Amino acid sequence: VKAIKVGTSYVKVTIPETANYHSISATIGFKISKATQEITFDALPVKKDGDADFELTAISSSGLPVSFSSDNSTVASVYQDENDSYKWKVKILSAGQVTIKAYNDGNENYLGAYYNGLLTIEEGTLPVVLSNYYLKAESNFVELKWTTESGSNNKYFVVYRSFDGKQFKELGTVNAIQSAQTKTYSFRDY
């Protein structure tokens, strides 16, 4: 007997009459339950805040497709990249730890399955190389100037003031210029 799908099947067995025995029949019922499956999901590498999106791969022993989810979408989110054959990818959003779940819900023949992987995202390096920084006091303001050797993936600089080195007050922002070349920025504190 070969099981084809989940459910209850019946088999009727009949032994024909012979010279020494009477004919006999019996019906036997079989309950076929959903099969279990396992998901294989490679360990997630430690990443840094600011790293590029990366692909997730996992396989199920049933051959059913595997989906992914994140338990903290402020640290990392998962998505299917429509520009890359709908591969599952992770977008890193901040430093921290997040559980990435590989799962499928099963189907008419298989129970659902999941596997949790822990993704650790460390603080990234600053996307700016600061080469020079100075202040100049004028009669009614202080001019702050700084020079960067390169800058990428930064939108702006935030300028703060502190009188005690412990408490800081935001004074304003200066838009960043995305460049691999030397750039000079300035801000006036009145």
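Which strands each supply at least two residues of the nonpolar patch? Keep that in mind while you set up the view. The model is predicted.

**Stop 1: the nonpolar patch**

Select Val13, Ile15, Ile24, Ile28 and Phe30. Together they form a nonpolar patch on the surface. Their combined accessible area is about 430 Å². Now colour by strand. Strand E1 (7-15) and strand E2 (24-32) are the two that each supply at least two residues. E2 gives the largest share, with three residues. Ile24 is one of the residues found in E2.

**Stop 2: Tyr134**

Jump to strand E12, residues 128-137, and pick Tyr134. Is the residue buried, partly exposed or exposed? Tyr134 is partly exposed, because its relative accessible area is 37%, and the partly exposed class lies between 20% and 50%. Next, show what surrounds the side chain and backbone. Leaving aside residues up to four places away in sequence, Tyr134 touches Glu143, Leu144 and Lys145. Draw a distance from Tyr134 to Lys145, C-alpha to C-alpha. The value is 5.5 Å, though the two residues are eleven apart along the chain.

**Stop 3: salt bridges**

How many salt bridges does the count come to? The count is seven. Visit three of them in turn.

*Glu122 and Lys48.* Select both side chains. They meet in a salt bridge, 3.2 Å from N to O. Glu122 sits in strand E11 (residues 113-122) and Lys48 in strand E4 (residues 47-48), so the pair ties together parts 74 residues apart in sequence. Switch on a surface. Glu122 is partly exposed, at 37% relative accessible area. Lys48 counts as partly exposed too, at 36% relative accessibility.

*Lys91 and Asp53.* Move the selection to this pair. Their side chains form a salt bridge with an N to O distance of 3.4 Å. Again, distant parts of the chain are linked: Lys91 is in strand E9 (residues 87-92), while Asp53 is in the loop between E4 and strand E5 (54-55), 38 residues away. Lys91 is partly exposed, with a relative accessible area of 36%. Asp53 is also partly exposed, at 31% relative accessibility.

*Lys89 and Asp81.* Here the N to O distance is 3.1 Å. Are these two residues buried or exposed? Both Lys89 and Asp81 are buried. Now add Asp84 and Lys87 to the selection. Salt bridges with shared partners join Asp81, Asp84, Lys87 and Lys89 into one network.

**Stop 4: the four-strand sheet**

Return to a cartoon view. Select E4, E11, E10 and E7. They make an open sheet of four strands, in the order E4-E11-E10-E7, with mixed pairing. Why is one side of E4 and of strand E7 (67-70) left without a neighbour in the sheet? Both stand at the edges, and each has a single partner strand, so one side of each stays unpaired in this sheet.

In general, strands of a sheet pair through backbone hydrogen bonds, either parallel or antiparallel. Zoom in on one pairing. E7 and strand E10 (residues 96-104) run antiparallel and are joined by four bridges. For a marker on this pairing, pick Ser70. The bridge partner of Ser70 in E10 is Ile100.

**Last look**

Keep the sheet on screen and bring back the first salt bridge. Glu122 belongs to E11 and Lys48 to E4. Both strands are in the open sheet, where E4 and E11 come one after the other in the order. End with Glu122 and Lys48 shown as sticks on the cartoon, their side chains meeting at 3.2 Å, N to O.

Key:
Residues are numbered from 1 along each chain as its sequence is written. This is a predicted model: local features need pLDDT of at least 70, side-chain atom pairs count only at pLDDT 80 or more; totals for chains, interfaces and linings use all residues. Side-chain values use heavy atoms; hydrogens and water are left out. Patches are made of residues with over 30% relative accessible area and no salt bridge: like charges are joined within 9 Å, nonpolar side chains (Val, Leu, Ile, Met, Phe, Trp, Tyr) within 5 Å. Accessible areas come from the Shrake-Rupley method with a 1.4 Å probe; for residues, only the protein chains shown count as cover. A salt bridge is a side-chain nitrogen of Lys or Arg within 4 Å of a carboxyl oxygen of Asp or Glu. Buried means under 20% relative accessible area, exposed over 50%, partly exposed in between (1.4 Å probe, protein chains only). Contact means heavy atoms within 4.5 Å. Two strands pair if DSSP finds at least two bridges between them.
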